[in-house]
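Biologist: Before we discuss this one, could you put it on the screen and take me through the reasoning behind the labels?

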Amino acid sequence: MGFLEHISEICSFPSSHNKFMKKNQLQTVEIKVRIDCEGCERKVRKAVEGMKGVSSVEIEPKQHKVTVVGYVDPKKVIRRVAWKTGKKAEPWPYVPYDVVAHPYAPGAYDKKAPPGYVRNVVDDPAAAPLARASSTEVKYTTAFSDDNPNNCSVM
């Protein structure tokens, strides 16, 4: 390698600046937005489909749920929906009730949740201690077991 080639390598800029750009990964973003009519649904769909990187949009108006799949940032999708439609948009706060250990704990149970769903209390630091079982609760629930009849300490 000659001296000039070595100097040109040191001083040259990379041929493409794509190495420095952060690439978004394929994600599924679920948003809760109040959808009252077909016009609201059209507004939300138009706001999201106009974004760069969106592959598909699925709207469930009865559950007030918007699912966006694509190479997008979830925060940007939520901001875009709120800005374009003028509606309050938030991340989907519900999970299926069979995922949560205590679905009817005071912090998890939500009357506004769609059927079969409860609030995701794992992400909520204020309600998470309410949804976890205490050691005495675990002790009493495991005292009577159908799997092991000899485990009963009361009888």
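Modeller: This is a predicted model, and one definition comes first: a residue is buried under 20% relative accessible area, exposed over 50%, and partly exposed in between.

Biologist: Why does cysteine 37 count as partly exposed?

Modeller: Its relative accessibility is 42%, and because partly exposed lies between the 20% and 50% cut-offs, cysteine 37 takes that label.

Biologist: And what makes cysteine 40 buried rather than exposed?

Modeller: Cysteine 40 has a relative accessible area of 12%, and buried means under 20%, so cysteine 40 is called buried.

Biologist: How do you know that cysteine 37 and cysteine 40 are not bonded through their sulfurs?

Modeller: A disulfide needs the two sulfur atoms within 2.5 Å, whereas the sulfur of cysteine 37 is 3.6 Å from that of cysteine 40, its closest cysteine sulfur, and is therefore too far for a bond. A search of the whole structure likewise finds zero disulfides.

Biologist: What makes the length of helix H3, residues 74-85, agree with expectation?

Modeller: Its twelve residues, at 1.5 Å a residue, should span 16 Å, and the end C-alpha atoms are 17 Å apart, which agrees.

Biologist: Which residues of H3 are buried, and how do you know that they are on the same side?

Modeller: The buried residues are Val77, Ile78, Val81 and Thr85. They cover an arc of only 100° around the axis, so they are on the same side of H3, while Lys75, Arg79 and Trp83 are exposed on the other side. The buried residues of H3 pack against strand S1, helix H2, strand S3 and strand S4.

Definitions and conventions:
Residues are numbered from 1 along each chain as its sequence is written. This is a predicted model: local features need pLDDT of at least 70, side-chain atom pairs count only at pLDDT 80 or more; totals for chains, interfaces and linings use all residues. Side-chain values use heavy atoms; hydrogens and water are left out. Buried means under 20% relative accessible area, exposed over 50%, partly exposed in between (1.4 Å probe, protein chains only). Helices (H or I, at least four residues) and strands (E, at least two) are DSSP runs, numbered from the N terminus. The expected span of a helix is 1.5 Å times one less than its number of residues. The arc is that of the directions from the helix axis to the C-beta atoms. Contact means heavy atoms within 4.5 Å.
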